[in-house]
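Thanks for asking me to look this one over. Here are my notes, point by point, to read with the model open beside you.

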Amino acid sequence: MDWPQSICYINGEYLPLAEAKISVLDRGFIFGDGIYEVVPVYYRKPFRFEQHLARFERSTREIGLANPFDRAGWLDVVERLVAGSTAEHQFIYWQVTRGVARRDFAFPADTTPTVFAMTSPFTRPGAAQRDGGLKAVTRADERWLRCDIKSVSLLGAVLARQFAVEQGADEVVQFRDGCLTEGSSSNLWVVRGGTVIGAPRDRLILEGIRYGFVAELCERTSLPFEVRRLGQAEVEGCDELMLTSATREILPIVSLDGRAVGSGRPGPAYAKLRAAYDQAIEALR
Ligand code: PLP
């Protein structure tokens with residue numbers, strides 16, 4: 001494979017990404033037993049670092065994993081990786097696993113967590129996606145019941161995204177028991193009658209850092225904002241559909257299962273939120 005030329009952090013060392021190695025007995029490799037984060041960096045400044053760290057800490061607590069660093073420790077790793085890259089915009093990926101141990105499902109008695117972090121250049125979504133919009137397909141949500149934990153066990157998300165790709169789509173719109181949950185790696189937003197509506201923050205979705213950000217942007221742009229369960233018919237008959245994530249920011253979904261969403265073009269709520277999103281990013285310059 002063609003390795004990115006960036007450095008990474010692995011268990012106390014900074015190395016070229018191609019040189020970083022972990023044990024085959026790492027519980028992240030064997031069981032997917034770990035937690036991760038993805039933090040976007042704009043103009044070389046981490047965006048919403050505190051919120052990402054708080055989510056990471058919550059996820060580690062939920063699975064009884066010791067967080068190896070305090071706030072200053074994580075910030076130091078992030079800043080050193082950003083400094084080691086020339087890219088203006090980046091995204092930092094970090095993960096902590098329960099470490100290396102003899103293969104046994106139960107937690108090992110005293111194992112040091114494996115800590116890994118890397119940076120990648122971040123190409124922000126371009127005009128084709130922003131102005132043309134994305135295609136999505138509906139799918140039954142077949143993931144586990146703790147989607148609120150940002151776990152590295154991502155097989156459910158992998159299969160969901162592959163399902164979309166095989167149909168020439170960009171994302172899935174998932175439903176559990178007939179109600180909207182989220183995309184494979186994004187939160188979803190439905191617009192009906194001018195109100196932006198999101199699925200409740202419960203165990204069935206990951207609360208994206210952009211979830212709270214969308215709520216703030218709605219307030220800033222005077223868009224009514226609501227959180228409630230949405231049935232499939234309400235989603236299919238909506239005026240606008242959008243997704244948010246660290247790497248896709250906020251993007252309109254203009255087709256669902258091959259049918260136009262609303263007018264089939266990015267709508268007015270998206271236009272307002274996109275402008276406010278860009279303004280917040282430009283304020284970091
Ligand atoms: N939901 C899932 C399942 C995700 O994997 C992600 C991001 O990867 C999100 C939502 C959006 O979260 P964020 O806005 O923090 O990127």
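1. Let's start with Asp141, whose side chain makes a polar contact of 2.7 Å with the side chain of Thr181. Please keep in mind throughout that this is a predicted model. Asp141 sits in the loop between β7 and α5 (155-166). Is Asp141 buried or exposed? Its relative accessibility is 7%, and because buried means under 20%, Asp141 counts as buried.

2. What else does Asp141 touch, once residues up to four places away in sequence are set aside? Its partners are Gln174, Phe175, Arg176, Thr181 and Leu204. Thr181 is thus on the contact list and also supplies the side chain for the polar contact. If you would like a distance to try in your viewer, pick Val82: its C-alpha atom and that of Asp141 are separated by 36 Å, with the two positions 59 residues apart along the chain.

3. Now have a look at Arg139, which belongs to strand β7 (residues 134-140). You might check its accessibility: the value is 18%, so Arg139 counts as buried; the cut-off for that label is under 20%. Leaving aside neighbours within four places in sequence, Arg139 is in contact with Leu159, Ala160, Phe163, Val172, Val173, Gln174 and Phe175. Gln174 and Phe175 appear among the contacts of Asp141 as well.

4. Strand β10 (residues 187-192) deserves a paragraph. Why can β10 be called largely enclosed by the rest of the structure? Five of its six residues are buried, which is the reason for that description. Strand β10 pairs in the antiparallel sense with strand β13 (residues 240-245) over five bridges, and there Asn187 has Thr244 as its bridge partner.

5. Strand β10 also pairs with strand β11 (residues 195-198), again in the antiparallel sense, over four bridges. Within this pairing, Val191 stands opposite Val196. The two strands form a hairpin with two residues between them, and Gly193 in the turn has a positive phi of about 55°.

6. Two residues that are not glycines also have a positive phi, so let me flag them for you. Arg44 has a value of about 70° and lies in the loop between β3 (34-42) and β4; with a relative accessible area of 34%, Arg44 is partly exposed. Asp257 has a value of about 55° and lies in the loop between β14 (249-256) and β15 (259-260). Asp257 is partly exposed too, at 30%.

7. Next, the open sheet. In which order do its six strands run? The order is β2-β1-β6-β5-β3-β4, with antiparallel pairing. The edge strands, each pairing on one side only, are β2 (13-16) and β4 (45-46). Strand β1 (residues 7-10) pairs with β2 over four bridges, and one of the matches to look for is Ile7 with Pro16.

8. Finally, a word on the surface. Ile22, Val24, Leu25, Phe29, Ile30 and Val100 form a nonpolar patch there, with about 540 Å² of accessible area together. Phe29 is a member that lies in helix α1 (residues 27-31). At 57% relative accessibility, Phe29 counts as exposed, because that label applies over 50%.

How values were computed:
Residues are numbered from 1 along each chain as its sequence is written. This is a predicted model: local features need pLDDT of at least 70, side-chain atom pairs count only at pLDDT 80 or more; totals for chains, interfaces and linings use all residues. Side-chain values use heavy atoms; hydrogens and water are left out. Patches are made of residues with over 30% relative accessible area and no salt bridge: like charges are joined within 9 Å, nonpolar side chains (Val, Leu, Ile, Met, Phe, Trp, Tyr) within 5 Å. Accessible areas come from the Shrake-Rupley method with a 1.4 Å probe; for residues, only the protein chains shown count as cover. A salt bridge is a side-chain nitrogen of Lys or Arg within 4 Å of a carboxyl oxygen of Asp or Glu. Buried means under 20% relative accessible area, exposed over 50%, partly exposed in between (1.4 Å probe, protein chains only). Contact means heavy atoms within 4.5 Å. A polar contact is a pair of N or O atoms within 3.5 Å; within protein, one must be able to donate a hydrogen and the other to accept it, and residues adjacent in sequence count only if both atoms are side-chain atoms. Two strands pair if DSSP finds at least two bridges between them.
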